[in-house]
Every structure is written in C-alpha cells, then in structure tokens.
Amino acid sequence: MQHEQVETAARAVAEAIESEARLQEESLMMIASENVASPAVREAQGSILTNRNALGYPDSRLYPGSENIDDVESLAIAYAEELWGAEHVNVQPHSGSLANLAVYLAALDPGDTILTLHPRDGGHITHGADLHVSGDLYETAHYELDPASGRLDYDAIARRADDVDPDMIVSGYSSYPRTIDWERFQEIAETVDAYHLADIAHVSGLIATGAFPSPVGVAEFCTGSTYKTIKTGRGGIIMCDEEYAEAVDEALFPGLQGGAAMPNIAGKAAGFAEALDDDFDEYVDRTIGDARALADALSDRGIDVVTDGTDTHIVLVDLRDSHGDLPGSEAETALEAAGIIANKASVPGDPRYPSDASGVRFGTTSLAARGFDETAMNAVADLIVRALDGAGDEQALEELSAEVKRLCA
C-alpha cells in the first residue's frame, strides 16, 4: 500500500472512531451488555502490551522475556480472586462465549446433555443453541420461564432435570431481570448428578459488591464477560473450584486459544482494581436504582414490564399490550432514530420469531456510568414511550433525537 493510501486509511479509521465518540456522547446508550470503560481501562487496553504474544500462563510461558506480562496477568487474577472469592481464576478467555466453551470442553464429552433456559426466554446462544458450536457438540434440552409471571419456576426446573437427566445445568441469562437462586440450582444439579455452570456475564459487577447473590463457591463453574456490569477490559473470565483448575486451563489453552490478549487482560486488571473501590459500590447501587426507577416510570406510562420490575440493570418490556402491532425489531429501529440505543428481545411465551420479537431490553449500566440518576429516568421513560408511539414518523423521531441530545448534554 502506498504512503498516501496508508494516510487515507488511517484518517478513515480516525473519523469513524470520532463519529462513534459523538454517537455515544449524544445518545442514550441502553444496550444492557455494554458499559463505559474508565480512562485507565482504555489506556491499558491500548497499551504496548499488544506487541507481545503471551503463550501460556504466568511462570509457564512458551516465550522468554515474559516477566512483565506475567505481572499484569497475576494482578488481574489476584484482584478477581479478591472481588469474587474464587478458588481458581482464569482471565485469558477472549470472550464470555469462549469461557463457556472452555468449561464444556473441560467437564463434558461430546454428545453429553446440557439443560439450559430456552433462548426465547433469555438463554444465551452459547448455552447449546443450534446456531452455536455448543449445539453441535452437545445435546441440548431446555427449561422455560413461567409464562404468566416471567420468572424461574424451580420446581418445574427440577422436574425437567429429572426427566432429562443432564450432564450439566446452566444458570445465568441474557435478559432475566430478577434474582437467581443459585443454591437451588446447585441442589437440582446434585440431585441428577450434573455439573452446574453459572454464567454471570450480566451480573458479575452486581455480585462483586454484594448487591446480587453470588454463585461463586456454590456452582462448580462460573463464567462471564468482563465489560458489562463489572466495567473492565473486554474479554471473559472463568472461576471454578480448585479441583477443576487444570482441566479448565488446558481446555482454554492450548485447547481453544493461542496467545493471551494481554492488552485486554491489562484492562481487566485495571477495571478489577477499580471495582474494589467504594466508588464502584455507589455505581452499582445507582445502576440498579436507575433500572428500578425506569421500570416504574415505564409501567406508569402503560408499558408492560416483564416480572413487574427488576433486581438488576435490565428492564425487559413486552410491547404486545401497549403497542400490539409493533414488533421489537421495528421498535428498535424507532428508538435508534430517536437516539435511544436498545435492542429487541424475546419475552416469555413470545409468539414472534426472535428476528422480530415482541419486546425490548433496556439496560442502565452506561447511563449510570455517565451520571444519570433515578430522577432522570422519568425523562428517559418519557422519551422511550414517545419514540415507540412515533414509530414510522420520521419527523417526530428526528425531533425526539434533538431532545435526547439536549438531555445527554
């Protein structure tokens, strides 16, 4: 590539990043699986560590000159152990998806059965869905939410486990807004002689402060991504009982991944250290408070909030009663046009295909990180409802977008 072409490409990338910065600054970013990383996390993730190919684990690398990257990874592990009280921590997964797959490979044989929540009800694609490699490697059976309450029915799950006789039961979800009884899941798993994997991708930050119950030390395996409520560098994490440590580590490397993404691990270390500070407790409290205030405000405006509230950062709404002809896919488009970034989501008993869905999932992680408090949620709820009401009206949505920018400012 000629020098002039390189400059043009660099400029194009820089312009795209600048545009993204404006989008995030001027929009209500309400994707529940996103957050706002601190300057320290962003600096670590953009660091000179990207030059290194860190094959192996601390004190056992394949390449020499690794003492500094060993220090970084060891810090990330130590901070994670302090946050969650885990016996063993692996911070190398490139994503929560790969963390899940590593646990499957460590604990299961191909053809074994996984019992998971149905994707329509909030189960994750990596929990044995047909579209994911886990669905090819393992047999998958599902339990479901109670269609009337939208909540987990533990007695029904126990009966389902007894019928299926799974080798692993997966708890932890993508859009479930309520507290999870990890001990009951463990009891069910032990009754059928199955492993228990708790996927805490969405609630890891809430667990770290004690605002949400912890499955660490309850389930044999806990996995998660590290950029949602925990607010650190992008990637995944695995926590497990010490007896499974070697199997998990070998399943991840060399079983699944090559070199560790050291800039991301540095971002995890920086973010985990921040999460040990009292300010992070206040952030988590604000995140949950914002979500509860948003749920109340939407409900007051006639929107059906699944489970009638939330215990987390997630507010899941069912549009069938208030906007019956508006699928979640069109609601998502209308909200985006108004400067509100949230995603369509299936709801319990959803008659629509997931590509359309009947609901929308809102998250308060990014808004709380930007300083939005509970009193601001009334204004946010008002803008959401007006955007849904104005779906298809380009002028109305454009005017709403200007209001969103003013609120963000």
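**A tour from the H6–H7 crossing to Gly390**

In a right-handed crossing, helix H6 passes helix H7. The model under view is predicted. To begin, select residues 154–164 for H6 and residues 182–191 for H7; their axes approach within 10 Å and cross at roughly 20 degrees. Angles under 35 degrees count as roughly parallel, and the two helices H6 and H7 are therefore roughly parallel to each other.

Next, display the side chains at this crossing. On H6, the residues making the contact are Tyr154, Asp155, Ile157, Ala158 and Ala161, and on H7 they are Arg184, Phe185 and Ile188. Colour them by character: six residues of the H6 contact with H7 are nonpolar, two are charged, and none is polar.

The second stop is Ser329. Select helix H12, residues 328–337, to find Ser329 within it. Is Ser329 buried or exposed? With a relative accessibility of 15%, Ser329 counts as buried, because the cut-off for buried is under 20%. Now show its surroundings: apart from neighbours within four places in sequence, Ser329 is in contact with Lys344, Ser355 and Asp356.

The third stop is Gly390. Select the loop that links helix H14 (376–389) to helix H15 (394–408), where Gly390 lies. The relative accessible area of Gly390 is 10%, so this residue is buried.

To close the tour, add Arg178 to the selection and draw a distance between its C-alpha atom and that of Gly390. The separation is 30 Å, for two residues that stand 212 residues apart along the chain.

Technical notes:
Residues are numbered from 1 along each chain as its sequence is written. This is a predicted model: local features need pLDDT of at least 70, side-chain atom pairs count only at pLDDT 80 or more; totals for chains, interfaces and linings use all residues. Side-chain values use heavy atoms; hydrogens and water are left out. Helices (H or I, at least four residues) and strands (E, at least two) are DSSP runs, numbered from the N terminus. Buried means under 20% relative accessible area, exposed over 50%, partly exposed in between (1.4 Å probe, protein chains only). Contact means heavy atoms within 4.5 Å. Axes are lines fitted to C-alpha atoms, for helices over the stretch in contact, and angles run from 0 to 180 degrees between N-to-C directions. Angles under 35 degrees count as roughly parallel, over 145 as roughly antiparallel, 65 to 115 as roughly perpendicular and the rest as oblique. A crossing is left-handed if the near helix is turned anticlockwise from the far one by less than a right angle, and right-handed if clockwise. Ala, Val, Leu, Ile, Met, Phe, Trp, Tyr, Cys and Pro count as nonpolar, Asp, Glu, Lys and Arg as charged, and the others, Gly among them, as polar.
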